[in-house]
Amino acid sequence: MRLDEISAFFLLLLTVVGAAGALYSQTYWAQEAHPRSAGQSRLWWSAMLASMGLVLTQSNGLHFLFAWEAFALSAYFLVTLDRKNIQVRAAGRLYLIASHAGTLALFGFFAALAAKTGSWELGPMTSQTALAPLFWVALAGFGIKAGIFPLHIWLPSAHANAPSHVSSIMSGVAIKMGIYGLVRFSSWLPLPEGAGWVVAGLGSASAVLGVAFALGQHDLKRLLAYHSVENIGIILLGLGFAMIALDHGRPEWGLLALTGGLLHVWNHGLFKALLFLGAGSVLHATGTREMSRLGGLWKAMPWTASLFTLGAMAISGLPPLNGFVSEWLVYRGLFDASRLKTAAALGALPATILLGVTGALALACFVKVCGVVFLGAPRSEAAAKAHECGAGMRAAMALLAACCLIIGLAPAFFWPTLLRVAGIWGHTDQDLVLSNHLVPLGTAHLLLALAALAVAAIAVVLSRGRQKRALTWDCGYRAPSSRMQYTAGSFAGIITAWFGWILRPAVKVSLPAEIFPARSSLESRTPETILEQVVMPVATYFLRLADFVRTFQHGRVQSYLLYLCAAILVLSIAVLL
């Protein structure tokens, strides 16, 4: 086993998010409400945390695979705790298929590594250039687990249909096991030519398309799941340009990109776990994930709404929270690289633009979420009767929110840790004293936070006793109703239309037919484009091919002998040629 700075970095995230999820589940998935599965939840939760811990500390390829498989299986049983739900079973099945496809790739990777090195033991092998092509196999295996676009097909359904405390650990930590594998083996293996560009390109695609698909969702948890794809893209951007920097003599901009990506591993784990726990509180109170059936929850659930909004600000990269700090480091690295007269500048400039577009779209998406879910009037009876979650659930969310604030207000405190992890990865000859810039950033964040609190306090004092609540004015209607509010689909309709070429939204319209129509409707749905229009047709083709091949299995020995002779003949001809 091995415990170095990289392992400890990921283990700390596992500990914090795991503890928060365990505390949250005591109320959310309580024994009284779920007598059959609550015990299983605690069992598989413990198994999953233990197996991920083993993955992070293994220095033997075979042991790594055993721990990886235990991690995948325990996650499957957690995702499918509510096995009576057909959608949950389908999501679990898709997750299991994708996980084993990734495990198969990793088995091939570790087996080939052992065959070439003569040992299953793992460690730095950068001098063995013949191992470089194996990085592509590792990228595929770990990329499936990380949810890199377009290998993310399992992620939206698994995160949306799992219990919310499971969604928090899946998004906050489990997909980071894929990132851990890429960080670990990009430092241990010799990298093939162009590897950094491929990783950065996949990161850019994941970031932009992940947030585009998120904007098209009406299911709150599915929307958050697609933001996991987006943030994995931001992490990969940092890692990819750090890999590119290795070919340019390890300049400072590579270290900045790497530390930004590493810090975003922590940050995304914290604010995404917070957001999933907040979504779980909404689901717990209303019984629905459909945003267009929610609304007006801020009054009924002020703690959940406030903590969720803090997480939304963090994931949107707004100061003074942690998401801004890690994205600022990645931006610094990209800006510095784009000023050079090298090939790196040609890639850094468009990457900077795409990262900016991603941030803007993420902000628009969470304005939509907070507006539709927490503001306005309730759109359903369930939303009107919503209630605040229990103390244990609020405490778990508050713990994660506090971590987001601490990193945002004191980023310089974490800089030495990031430098040590970067040193293990490969930037050992850097002495970048960026803490001199992070201290003023933290000070500015602290002043901004204090100013925001002061403005909020003044607003509360001035508005006390003067507020008059009413529905939003709707162009002079005498009796406005909640149906006149923006829905999740209409709020982001213009933006999602820009990405219609890949989102392929399905719209069902029922137009009014009478002069005084009683009812009309418009329903829209954004499909899982890659899964439904690429993967499933290909899988259907192979299933039909398999059915055709089965016709040759009819039980007649004479035919089997003929097949054998034909195969021997073909092989003989191939050898002779």
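What follows is a short chat about a predicted model.

Colleague: What do I need to know about the numbering and cut-offs?
Modeller: Residues are numbered from 1 along each chain as its sequence is written. The model is predicted, local features need pLDDT of at least 70 and side-chain atom pairs pLDDT 80 or more, while totals for chains, interfaces and linings use all residues, and side-chain values use heavy atoms, without hydrogens and water.

Colleague: How many disulfides are there in the whole structure?
Modeller: Zero. A disulfide here is a pair of cysteine sulfur atoms within 2.5 Å.

Colleague: Why no bond for Cys370?
Modeller: The closest cysteine sulfur, in Cys365, is 9.8 Å from the sulfur of Cys370, which is too far.

Colleague: And Cys389, why no bond there?
Modeller: Its closest cysteine sulfur is in Cys370, 16 Å away, again too far.

Colleague: Is Cys389 buried or exposed?
Modeller: Cys389 is buried, at 4% relative accessibility. Buried means under 20% relative accessible area, exposed over 50%, and partly exposed in between, with a 1.4 Å probe and protein chains only. Cys370 is buried too, at 12%.

Colleague: Switching to helices. At what angle do helix 8 and helix 9 pack?
Modeller: At about 160°, with the axes 7 Å apart. Helix 8 covers residues 195-215 and helix 9 residues 220-246. Helices are DSSP runs of H or I, at least four residues, numbered from the N terminus.

Colleague: Which way do they run relative to each other?
Modeller: Roughly antiparallel, a label for angles over 145 degrees.

Colleague: What sort of residues make the contact?
Modeller: 17 nonpolar, eight polar and one charged; Asp, Glu, Lys and Arg count as charged, and Gly is among the polar ones.

How values were computed: Axes fitted to C-alpha atoms, helices over the stretch in contact; angles between N-to-C directions. Helix = DSSP H or I, 4+ residues; strand = E, 2+ residues; numbered from the N terminus. Parallel < 35°, antiparallel > 145°, perpendicular 65-115°, else oblique.
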